[in-house]
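Student: I have a new structure to look at. Can we go through it by asking how each label is earned?

Tutor: Yes. Here it is.

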Amino acid sequence: MARGDIRVGSYVLNATVRAGGELIVHARGTASRRAGTIAGGSVLAGRHIQARLAGAPMSDRTIIGIVSDMETQARIDKLKKGIDFCNTEILRMFRTLKIKDFNEEEVRRLLERTPRAQKEHVSDVLRKLQKLIKLRAQGFEQQHALEQEQAEKLTEAEIVITGQTRSDVQIRFGEQTKMITENLTAPTFCFEDDEIKW
């Protein structure tokens, strides 16, 4: 696993490899049938993968894919956890206050029916609720921006196999996967219109 690029001298066999940038499998020692091969395991990179051969008879399933870099994915996951926390707390406060929505009319009616002795406490809960709603909106906005950025990177990325891609290789771009059902000669895989193409 590397944040940056990974260069492999000859082949990747039944391994789990992840590069934040690009992953190149050189075909050094071309006398070997395996030279430049990715066979079995999972090989993922952030923007580019290149090899001579993908998959091999008698190897385990081969997954080759472009995914978001680890740091960005960690940020998205952290934002999702924060949004989930906000959602849980907002629902809890709605139940406590016996309201269904946070708008002017609901708040006005709530304050009208709240006894004077409890108004300060209810007002405090409403302020906390307002902060949580604002925090959740900011989380959604940041998550959307990061996911947009990742979607753009996916459309710029590619997987280049200069020789053959065997059937039963699974190609992945983000969350989308495509099982190759027949041997392909020298395909370049890309992601266009939310679809894996070659």
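Student: Why is Asp168 called partly exposed?

Tutor: This is a predicted model, so the value is computed from predicted atoms. Asp168 has 48% relative accessibility. Buried means under 20% and exposed means over 50%, with partly exposed in between. So Asp168 counts as partly exposed. Asp168 sits in the loop between strand E9 (164-165) and strand E10 (169-173).

Student: What makes Asp193 count as exposed or buried?

Tutor: Its relative accessibility is 67%. The cut-off for exposed is over 50%, so Asp193 counts as exposed. Asp193 lies in the loop between E13 and E14.

Student: What is notable about phi in Asp193?

Tutor: Phi of Asp193 is near 55°, a positive value in a residue other than glycine. Most residues other than glycine have a negative phi. Asp168 also has a positive phi, near 80°.

Student: How do you know that E13 and E14 pair?

Tutor: Pairing needs at least two bridges. Strand E13 (residues 188-192) and E14 have three, in the antiparallel sense, so they count as a pair. Cys190 is opposite Lys197 in E14.

Student: Why are strands E1 and E14 said to stand at the edges?

Tutor: The open sheet has six strands, in the order E1-E3-E5-E8-E13-E14. Strand E1 (6-8) and strand E14 (195-197) each have a single partner strand, so one side of each lacks a neighbour in the sheet.

Student: Which residues does Phe173 touch?

Tutor: Among them are Ile66, Leu154, Phe189 and Ile196, leaving out residues up to four places away in sequence.

Note on methods: Residues are numbered from 1 along each chain as its sequence is written. This is a predicted model: local features need pLDDT of at least 70, side-chain atom pairs count only at pLDDT 80 or more; totals for chains, interfaces and linings use all residues. Side-chain values use heavy atoms; hydrogens and water are left out. Helices (H or I, at least four residues) and strands (E, at least two) are DSSP runs, numbered from the N terminus. Contact means heavy atoms within 4.5 Å. Buried means under 20% relative accessible area, exposed over 50%, partly exposed in between (1.4 Å probe, protein chains only).
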